[in-house]
Amino acid sequence: MMEVRAKKALGQHFLTDQKVARAIVDALGSTCPAPTGHPMPTLEVGPGMGVLTQYLLEREDIDLRLIEIDSESVEYLLTHFQGMEGRLMEGDFLRLKLEKIFPSAFAIIGNFPYNISSQIFFKVLDYKDQIPEVVGMVQKEVAERIAEKPGSKTYGILSVLLQAWYDIEYLFTVGSGCFAPPPKVESAVIRLTRNGRTSLGCDEALFKTVVKTAFGQRRKMMRNPLKPLAAAKASREGWTQEQLSAFLAQPVFSQRPEQLSVEDFVELTNLLR
């Protein structure tokens, strides 16, 4: 039987535990069911040897597409699963123009390669109005960071940006023994469900800039990393140095970024616009 070699450069660790695979697939659609009679278009990212694919194909409420960068895995899937032609794309998910494949809403599922998992979530944010749900397995630390609440040292850029638009659930931990080859770290499965927010109530581009800039110096009080943004506002408004100093003396600038909630960052963005 043909097997696919796990490639370190692609961050491949193939899930071999069938109970875990079924649990991951079962987690999809439990919070965002497809409309009656309309299977939910769903993209599996990095199917590998199809451990999730086999269970996804059993579900009549899912219209499955797959994207795989590894040509050896593509060959394996085409050989071992019927009806892959037209469903399976060979390519890089991060470069995929998703709107050309999915004209309306679609879900994402996958055992995400550890080396690009953060980039996958940043791409999800780019399509947040089309993606109501994501179920993914990632490195445990990444899952904890994404699901973390303010006040924790692991709370960071992805925590804020994703929690602005999605409800995050840490579903379960997966031990390294469930993979071949076993990774050196534990894994975890998380579910992102689009929240009801249609607008942040601030400039979205500036919001991203404020969050990324603030966490660029996460150990410092906010006035340090955000001083250039405050100075740019002072220049626009024609403030004196005293007015700028008074602006930066507001309590929010004495906090560290991990202390601020999504709503706090929204307020801060409006202050700096």
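Is Asp70 buried or exposed? Select Asp70, which sits in the loop between E3 and H3, and you have a residue that counts as buried at 5% relative accessibility, where buried stands for under 20% relative accessible area, exposed for over 50% and partly exposed for what lies in between, with a 1.4 Å probe and protein chains only. The model on screen is predicted, so local features need pLDDT of at least 70 and side-chain atom pairs count only at pLDDT 80 or more, while totals for chains, interfaces and linings use all residues. Residues are numbered from 1 along each chain as its sequence is written, and side-chain values use heavy atoms, with hydrogens and water left out.

**The whole chain**

Zoom out to the protein chain, whose C-alpha atoms fill a box of roughly 75 × 40 × 30 Å along the principal axes. Coloured by secondary structure, the protein chain shows 11 helices and nine strands, these being DSSP runs numbered from the N terminus, with helices (H or I) of at least four residues and strands (E) of at least two. Of its 273 residues, 48% count as buried. Among contacts between residues at least 6 apart in sequence, 70% join residues at least 24 apart, a contact being heavy atoms within 4.5 Å.

**From Asp70 into helix H3**

Return to Asp70 and add Glu144: the two are 74 residues apart in sequence, and their C-alpha atoms are 28 Å apart in space. Then select helix H3, residues 71-80, whose buried residues are Glu72, Ser73, Val74, Tyr76 and Leu77. Among the elements that cover these buried residues of H3 are strand E1 (14-15), helix H2 (53-56), strand E3 (62-68) and strand E4 (88-90).

**Ile157 and its surroundings**

Next, pick Ile157 in helix H7, residues 157-163; at 25% relative accessibility, Ile157 counts as partly exposed. Leaving aside neighbours within four places in sequence, the contacts of Ile157 are Phe122, Val211, Lys212 and Phe215. Display Thr213 as well, since its C-alpha atom is 9.3 Å from that of Ile157, although the two residues are 56 apart along the chain.

One of those contacts, Phe215, leads to an aromatic cluster that Phe215 forms with Tyr155 and Phe265.

**Helix H10 and its rings**

Now select helix H10, residues 241-248, in which Leu244, Phe247 and Leu248 are buried. Look down the axis of H10: its buried residues fall within an arc of 90°, so they line one face of the helix, the arc being that of the directions from the helix axis to the C-beta atoms. The cover over the buried residues of H10 includes helix H9 (223-237) and helix H11 (262-272).

How many aromatic pairs are there? The count comes to six, where rings of Phe, Tyr and Trp (its six-membered ring) pair if their centres lie within 6.5 Å, and planes under 30 degrees apart count as stacked, over 60 as edge-to-face and the rest as tilted. Among them is the tilted pair of Trp239 and Phe247, at 5.1 Å centre to centre and with 50° between the planes. The rings of Phe247 and Phe253 have centres 5.4 Å apart and planes at 50°, so this pair is tilted. Comparing the residues, Trp239 counts as partly exposed at 25% relative accessibility, whereas Phe247 and Phe253 are both buried.
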